[in-house]
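Subject: Structure for your review

Dear colleague,

Please find below the structure that I should like to hand over to you. A short account of what was found in it follows.

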Amino acid sequence: MTSPRKRERAGQVQVQQDPPYHVLHKLPPGDSPYVRAKHVQLVQKDPEAAIVLFWKAINAGDRVDSALKDMAVVMKQQDRAEEAIEAIKSFRDRCSKQAQESLDNVLIDLYKKCGRVEEQIELLKQKLWMIYQGEAFNGKLTKTARSHGRKFQVTIKKETSRILGNLGWAYMQQGNHVAAEVVYRKAQIIDPDANKACNLCLCLIKQTRYVEAQSVLDDVLQGALSGSDEPKSKIRAKELLQELEQCQTVVLSSNSLSLNIEDAFLEGLDHLMKHWTPLRSRRLPIFEEISSFRDQLAC
């Protein structure tokens, strides 16, 4: 039998209370310049006013790490990426050592947004060097990251592959397809996925290495890589396949045209040889005219 206590609990009506306001709206608790800035950003959805309040939070020394990073992100969304870059460069010295790595990540996105590829490449190389020196993740093997309000663990292995992927794309923007290929291949050895495979495929297409590109793309089309089943990856793989088929068709057409010209020449030569006789001149009229003109000059 169920005990009276359990029956009593079973008979109780559970009344669920609404979560606190700051939890409901994903705001930090309290009332400070930074909290007010987040309220204006997330609840009132006024990005320009939020930027002003983030500035106030930074100047007041209130959660400077978060205020500077959040302000830069909002600036980027408002097409003020150049200002965001200068803000990070000017105020990152007020931030903690632990915040520097996440500020670098924001800075890389801002460089990408502004088309400042060389600075993006240099910063990505610097991050790879920090990993090599054991300085990334503050010396730990994993770190907690956040995306769309969700926390998850990131390993050094995945972070290295991600940075290499970004570096490869930056090289692609420079038109340095050889360097991009090397970087993408290293990234795929560390942590292969469909997105980087598609980028490597595009890199090989740009180098007119279509057979290798097809081989790389086949892994995505056959679902052999992580992320191959994602709708975005499927769409991109189909687009690359169409581009690859078009490129191969152009090459075949070009080769066919060359063969047709060559065949026509050989056929004409055969025809000439069949009708050649030493008793009759086969010179074209233009040569006959030149000979006649030369005889007149001799007279």
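In this predicted model, helices α3 and α5 are roughly parallel to each other, because their axes cross at roughly 25° and angles under 35 degrees count as roughly parallel. Helix α3 covers residues 33-42 and helix α5 covers residues 64-77. Their axes come within 11 Å, and the crossing is left-handed. On the α3 side, the residues in contact are Tyr-34, Lys-38 and Gln-41, which meet Ser-66, Ala-67, Asp-70 and Val-74 of α5. Sorted by class, this contact holds 3 nonpolar, 2 polar and 2 charged residues.

Helix α3 also packs against helix α4, which spans residues 47-60. Here the axes come within 8 Å and cross at roughly 165°; α3 and α4 are therefore roughly antiparallel. This crossing, too, is left-handed. From α3, the residues Pro-33, Tyr-34, Arg-36, Ala-37, Lys-38, Val-40 and Gln-41 take part, and they meet Ala-49, Ala-50, Leu-53, Phe-54, Lys-56, Ala-57 and Ala-60 in α4. The classes in this contact are 10 nonpolar, 1 polar and 3 charged residues. Tyr-34, Lys-38 and Gln-41 of α3 appear in the contact with α5 and in the contact with α4.

Further along the chain, helix α8 (residues 117-132) packs with helix α9 (residues 156-174) at an angle of about 155°, and their axes lie 10 Å apart. These two helices are therefore roughly antiparallel to each other, and α8 passes α9 in a left-handed crossing. Among the residues of α8 in this contact are Ile-121, Leu-124 and Leu-128, while those of α9 include Ile-163, Leu-167 and Tyr-171. By class, the contact has 11 nonpolar, 5 polar and 5 charged residues.

UniProt, in an unreviewed entry, lists residues 161-194 as "repeat: TPR". In the model, this stretch is 85% helix and 0% strand. The C-alpha atoms at its ends are 13 Å apart.

How confident is the prediction? The average pLDDT of the protein is 81, and 73% of the residues score at least 70. Residues 1-8 have a pLDDT below 50 and make 2 contacts beyond near neighbours in sequence. Residues 255-262 also have a pLDDT below 50, with 0 such contacts. Where pLDDT is low, the predicted coordinates should not be read in detail.

Yours sincerely

Terms used. Residues numbered from 1 in each chain as written. Predicted model: local features only at pLDDT ≥ 70, side-chain atom pairs only at ≥ 80, totals over all residues. Heavy atoms only, no water. Axes fitted to C-alpha atoms, helices over the stretch in contact; angles between N-to-C directions. Helix = DSSP H or I, 4+ residues; strand = E, 2+ residues; numbered from the N terminus. Parallel < 35°, antiparallel > 145°, perpendicular 65-115°, else oblique. Left-handed = near helix turned anticlockwise from the far one by under 90°. Contact = heavy atoms within 4.5 Å. Nonpolar A, V, L, I, M, F, W, Y, C, P; charged D, E, K, R; others polar. UniProt positions renumbered as here; feature names shortened; annotations may be inferred. pLDDT = per-residue confidence, 0-100.
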